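Please open the structure in the viewer and keep the selection tool at hand. The tour proceeds by selections, each followed by a description of what is found there.

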Amino acid sequence: MSGGEDPAGFATLSDLEASARAKVIDPVWAYVQGGAGEERTLRANREAFERTWLRPRVLVDVSSVDAATSFLGTRSSVPFFVAPTAFQGLVHPDAEAATARAAASAGVLAVFSTVTTLSMEAIARAAPEGPRWFQLYLQKDWSLTEDLLHRAERAGYRAVVLTVDAPVLGTRDRQFQRGFALPSDMPVGNLPPLPPVEGRSLAQAVHAALRTDSGATWATMERVRESTKLPLVVKGVLTAEDAARAVELGAKGVVVSNHGGRQLDGAPASLRALPEVVRAVGSKAEVYLDSGIRRGSDILAALALGARGVGIGRPVLWALGCGGEAGVAKLLRLLREELETSMRLAGRRSIGEVDSSLVEADGALP
Ligand SMILES: Cc1cc2nc3c(=O)[nH]c(=O)nc-3n(C[C@H](O)[C@H](O)[C@H](O)COP(=O)(O)O)c2cc1C
């Protein structure tokens, strides 16, 4: 079936990216796809999965499998969640409302960015029952940060995900080369408009610099933790040292992530960093991973290396660009089906049975 005949806009996970490419305009595609610098880290994220192999066990009764789990006490039908991505309105007019509805119908946790097209209240209204977490970018003005936290509590978000790998934006060469810019008056649902800036368009780095606090430290993390009743998850750690510090200071979860290769070029693949983080904090906090997850088998590999769950970034934007809510719903269904098939073929009936004996790597991962 060609992509156009399907309301989701794609038929399989294999044609999702190319179908999205055909629909999303060039500069926005550079924004979605691009990494930082030479994109070494972006490539390493995929290479790490490509060099990790699954050791299947056979003759296990897999007539029924169960992929359900929980994240900080929130039940989830699957061990993956929607990672926060900014400005979903750039790829589809229904923006985060479509993502929220598709995730809620599938019983999938969705994490929404500080810099969404729609406000966090509008997203909550679009899918009141859907499990949702709020991703925080620290604002220059602390009272704005505090206000975001209180609004997230009131709007039914169940955890705060503090992103710590973006004190400044990475060097986004690909965005620059393709002329991607944000209008200076672009609506950011959660935040007041920027003061008038010369020239109407801003590189994303300038936009981010005008809003976010690059002076944050561990003391700021503690201040965030003290300012909300919600559990705190720290997103964007790649070392045992930082993971241990975050958990000592009260984080209930950490996301091993290099921001999809968009921040520090030269940082390791998330999958490579995962084992040291699991060793450091795996018994005290929940460890999640994102960056490079594309298939059900990737999810199994990350879980086998100790992740409790994994975040999906770009594929959600591809699916949203292809077919709005129907696109995201199809992506979540295909990923779930593929994960369950992989579990059956690997002889694992539940998430609890996915252990380290399931994986083997070709040497050190990139
Ligand atoms: C277009 C785009 C926008 C993003 N915006 C945010 C954001 O606002 N906040 C955040 O914490 N992470 C953001 N991320 C990073 C994702 O949460 C996630 O770490 C990354 O996309 C995972 O890698 P993957 O795209 O390979 O799945 C963004 C990623 C992309 C691709």
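At what angle do helix 2 and helix 13 pack, and how far apart are their axes? The model under inspection is a predicted one. Select residues 26–33, which form helix 2, together with residues 314–346, which form helix 13. The angle at which they pack is about 155°, and their axes are 10 Å apart. Angles over 145 degrees count as roughly antiparallel, and helix 2 and helix 13 are therefore roughly antiparallel to each other. To view the contact itself, display the side chains of Trp-29, Val-32 and Gln-33 in helix 2; these meet Arg-314, Leu-317 and Trp-318 in helix 13.

Next, select strand 12, residues 286–290. Five of its five residues are buried, so strand 12 is largely enclosed by the rest of the structure. In a regular strand, side chains alternate between the two faces of the sheet. Here Glu-286, Tyr-288 and Asp-290 point one way, while Val-287 and Leu-289 point the other way.

Add strand 11, residues 253–256, to the selection. Strand 11 pairs with strand 12 in the parallel sense, over four bridges. Within this pairing, Val-256 stands opposite Leu-289 of strand 12. Follow the chain from strand 11 through helix 11 (residues 270–281) to strand 12: this β-α-β crossover is right-handed.

Now add strand 13, residues 309–312. Strand 12 and strand 13 also pair in the parallel sense, here over three bridges. Tyr-288 is found opposite Gly-309 in strand 13. With helix 12 (residues 296–304) included, strand 12 and strand 13 complete a β-α-β unit that is right-handed.

Move to helix 3, residues 40–50, and colour its buried residues: Thr-41, Leu-42, Ala-44, Asn-45, Ala-48 and Phe-49. Viewed along the axis, they cover an arc of only 165°, which puts them on the same side of helix 3.

The last stop is Leu-144, in helix 6 (residues 142–154). Is Leu-144 buried or partly exposed? Its relative accessibility is 24%, so Leu-144 counts as partly exposed, given that buried means under 20%. Select Gln-139 and Pro-192 as well: leaving aside neighbours within four places in sequence, these are the residues in contact with Leu-144. Finally, set a distance monitor between the C-alpha atoms of Leu-144 and Asn-190, which are 46 residues apart in sequence and 9.9 Å apart in space.

Terms used:
Residues numbered from 1 in each chain as written. Predicted model: local features only at pLDDT ≥ 70, side-chain atom pairs only at ≥ 80, totals over all residues. Heavy atoms only, no water. Buried < 20%, exposed > 50% of the residue type's maximum accessible area, 1.4 Å probe, protein only. Helix = DSSP H or I, 4+ residues; strand = E, 2+ residues; numbered from the N terminus. Pairing = 2+ DSSP bridges. Right-handed = clockwise from strand over helix to strand, strands pointing away. Arc of directions from axis to C-beta. Axes fitted to C-alpha atoms, helices over the stretch in contact; angles between N-to-C directions. Parallel < 35°, antiparallel > 145°, perpendicular 65-115°, else oblique. Contact = heavy atoms within 4.5 Å.
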